[in-house]
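The following note sets out some remarks on side-chain packing and sheet arrangement for consideration alongside the coordinates. The points are numbered for ease of reply.

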Amino acid sequence: MEVDGETHELTREAAADLRESLADALTERREFFRTAGEFRADGSYVVSRKAANSAGNAKMFDSFEALRRLYDRLPDRFDADDVGRTGITGSRRHMLLRHFAEHPAFDCRIRRRNPLSAEKTEDDRSAEPAAEAEE
């Protein structure tokens, strides 16, 4: 292996350890109030329910940027039906709506809990999860 113009030889075991460390560095899971987001080594991004572990409780995107594009296409005030118009079905629509409100990369908050709806904001959000906002 060459680093900064210097050649370094690694044992098979050391190379395997390095590969595992790199994979761990490229993979990150962040948990929020009700949802979680995971950056995978292949560049994909998965939104899931925080405490669930079945495929029915997750939605995979090719990248975080793909999730950002979906968010950008939504109206300023949106609900699960608006998310569903993008082809996402079932309870995943509500999960994504909550993820947009919980993830700090999106200026969004829960507008109502029943029926669940959200709105895009320009404000800096507080550290408290938006899922407990006004009804």
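1. Lys120 lies over the face of Tyr71, at 4.6 Å from the ring centre. This is a predicted model, and the remarks below should be read accordingly. A second placement of this kind involves Lys59, which lies over the face of Phe61 at 5.6 Å from the ring centre.

2. Aromatic pairs in the model come to nine. Tyr71 and Phe100 form one of them, a tilted pair with 5.0 Å from centre to centre and 50° between the planes. This pair links distant parts of the chain, as Tyr71 belongs to helix H2 (residues 64-73) and Phe100 to helix H4 (residues 92-102), 29 residues apart. Both Tyr71 and Phe100 are buried.

3. Phe100 also pairs with Phe78, here in an edge-to-face manner, with 6.2 Å centre to centre and 80° between the planes. Phe78 lies in strand S7 (residues 77-79) and Phe100 in H4, so this pair ties together parts that are 22 residues apart in sequence.

4. Are Phe78 and Phe100 buried or exposed? Phe78 has a relative accessibility of 2% and therefore counts as buried, the cut-off being under 20%. Phe100 is likewise buried, because its relative accessible area is 0%.

5. The pairs discussed above belong to a wider arrangement: ring pairs link Phe39, Tyr45, Phe64, Tyr71, Phe78, Phe100 and Phe106 into a cluster.

6. Turning to the sheet, three strands form an open sheet in the order S7-S9-S8, and their pairing is antiparallel. S7 and strand S8 (108-113) are at the edges with a single partner strand each, so one side of each has no neighbour in the sheet. From one strand to the next, the twist averages 30°.

7. How many bridges join S8 to strand S9? There are five, and S8 and S9 (residues 116-120) run antiparallel. Across from Arg109 stands Glu119 in S9.

8. Helix H4 lies across S7, S8 and S9, and runs at about 130° to S8. Phe100, in H4, pairs with Phe78 in S7, and a discussion of how the helix is placed on the sheet could refer to that pair. The Tyr71 ring could be included in the same discussion, since Tyr71 pairs with Phe100 and has Lys120 over its face.

Key:
Residues are numbered from 1 along each chain as its sequence is written. This is a predicted model: local features need pLDDT of at least 70, side-chain atom pairs count only at pLDDT 80 or more; totals for chains, interfaces and linings use all residues. Side-chain values use heavy atoms; hydrogens and water are left out. Rings of Phe, Tyr and Trp (its six-membered ring) pair if their centres lie within 6.5 Å; planes under 30 degrees apart count as stacked, over 60 as edge-to-face and the rest as tilted. Helices (H or I, at least four residues) and strands (E, at least two) are DSSP runs, numbered from the N terminus. Buried means under 20% relative accessible area, exposed over 50%, partly exposed in between (1.4 Å probe, protein chains only). A charge sits over a ring if NZ of Lys or CZ of Arg is within 6 Å of the ring centre and within 35 degrees of the ring normal. Two strands pair if DSSP finds at least two bridges between them. Axes are lines fitted to C-alpha atoms, for helices over the stretch in contact, and angles run from 0 to 180 degrees between N-to-C directions. Contact means heavy atoms within 4.5 Å.
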